[in-house]
Amino acid sequence: MILPMIVTQITHHDLDGYGASTVVGQFAEVARIVHVPRYSDVGPVVETELKRLGKASAPEMIVMTDLGLEAVAVTFIRNFAALNRRRDPTARHRLVVLDHHASSVDQ
């Protein structure tokens, strides 16, 4: 039996980010949307979410959109995977990354 997960979307605070929120909202019931105002804020925002997820007893889903796959985002993805490896397999979080930046192809 699959239970519904709390879904948090982390997205850029621009037209692309708001568009991504609209699209994701058509496919999932998003409980929280965290808008990142500047790309320099991505690191602190995702670190805060990672700490929160580390304390969460129930599995959650993070949908990360329009943030680019620069070094801080890639580090977050790796740390997210490491966090999940330490969790019980039935309580692992889910991560969906959607991005359209050309620079993300290299990552």
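# A tour from R87 through the strands and helices

Begin by selecting R87, which is buried, with a relative accessible area of 14%. That value counts as buried because the cut-off is under 20%. The model on display is a predicted one. R87 belongs to the loop between α3 and β4. Display the residues around R87, leaving out those up to four places away in sequence: R87 touches L53, G54, A56, S57, A58, P59, R92 and H93. For a sense of distance, add V24 to the selection. The C-alpha atoms of R87 and V24 lie 26 Å apart, and the two residues are separated by 63 residues in sequence.

**Next stop: E60 and strand β3**

Select E60, a residue of strand β3. Is E60 buried or exposed? E60 is buried, and its relative accessible area is 7%. With residues up to four places away in sequence set aside, E60 touches M5, I6, T8, R52, L53, H93 and R94. Two of the residues named here, L53 and H93, also appear among those touched by R87.

Now extend the selection to the whole of β3, residues 60-65. This strand is mostly covered, five of its six residues being buried. β3 pairs with β1 in the parallel sense, over six bridges, and I6 stands opposite E60. β3 also pairs with strand β4, residues 94-98, again in the parallel sense, here over five bridges. Within that pairing, I62 has L95 in β4 as its bridge partner. Trace the chain from β3 through α3 to β4: the path forms a right-handed β-α-β crossover.

On that path, stop at D66, in the loop between β3 and α3. D66 is buried, with a relative accessible area of 3%. The phi of D66 is near 60°, a positive value in a residue other than glycine. Most residues other than glycine have a negative phi.

**Helix α3**

Continue to α3, residues 71-85. Its 15 residues should span 21 Å at 1.5 Å a residue, and the end C-alpha atoms are indeed 21 Å apart, so the two values agree. Highlight the buried residues of α3, which are A73, V74, F76, F80, L83 and N84. The elements covering them include α2, β3 and β4.

From this group, centre the view on F76. Which residues does F76 contact beyond its neighbours within four places in sequence? They are V46, L50, M64 and L95.

**Helix α2**

Move on to α2, residues 42-55. The 14 residues of α2 should span 20 Å at 1.5 Å a residue, and the distance between its end C-alpha atoms, 20 Å, agrees. Colour its buried residues: V42, G43, V45, V46, E49, L50 and L53. Viewed down the axis of α2, the buried residues fall within an arc of 165°, so they line one face of the helix. What covers them includes β1, β2, β3 and α3. Rotate to the face turned away from the buried side, where the exposed residues P44, K51 and K55 are found.

**The nonpolar core**

With α2 and α3 still displayed, bring up the largest nonpolar core, which has 17 residues. The members that touch the most other members are I10, V36, V46, M64, L67, F76 and F80. The elements contributing two or more residues to this core are β2, α2, β3 and α3.

**Last stop: β1, α1 and β2**

Select β1, residues 6-12. This strand is mostly covered, with six of its seven residues buried. β1 and β2 pair in the parallel sense over five bridges. To locate the pairing, show T11 and its bridge partner in β2, H35. Then include helix α1: together, β1, α1 and β2 make a right-handed β-α-β unit.

Within α1, residues 15-25, the buried residues are G17, A20, S21 and V24. They occupy an arc of only 105° around the axis, which puts them on the same side of α1. These buried residues pack against β1, β2 and β3. The face of α1 turned away from the buried side carries the exposed residues L15 and T22. V24, listed above among the buried residues of α1, is the residue that was paired with R87 for the C-alpha distance of 26 Å at the start of the tour.

Notes:
Residues are numbered from 1 along each chain as its sequence is written. This is a predicted model: local features need pLDDT of at least 70, side-chain atom pairs count only at pLDDT 80 or more; totals for chains, interfaces and linings use all residues. Side-chain values use heavy atoms; hydrogens and water are left out. A nonpolar core is a set of buried Ala, Val, Leu, Ile, Met, Phe, Trp, Tyr and Cys residues joined through side-chain atoms within 4.5 Å. Buried means under 20% relative accessible area, exposed over 50%, partly exposed in between (1.4 Å probe, protein chains only). Helices (H or I, at least four residues) and strands (E, at least two) are DSSP runs, numbered from the N terminus. Contact means heavy atoms within 4.5 Å. The expected span of a helix is 1.5 Å times one less than its number of residues. The arc is that of the directions from the helix axis to the C-beta atoms. Two strands pair if DSSP finds at least two bridges between them. A crossover is right-handed if, with the strands pointing away from the viewer, the path from the first strand over the helix to the second runs clockwise.
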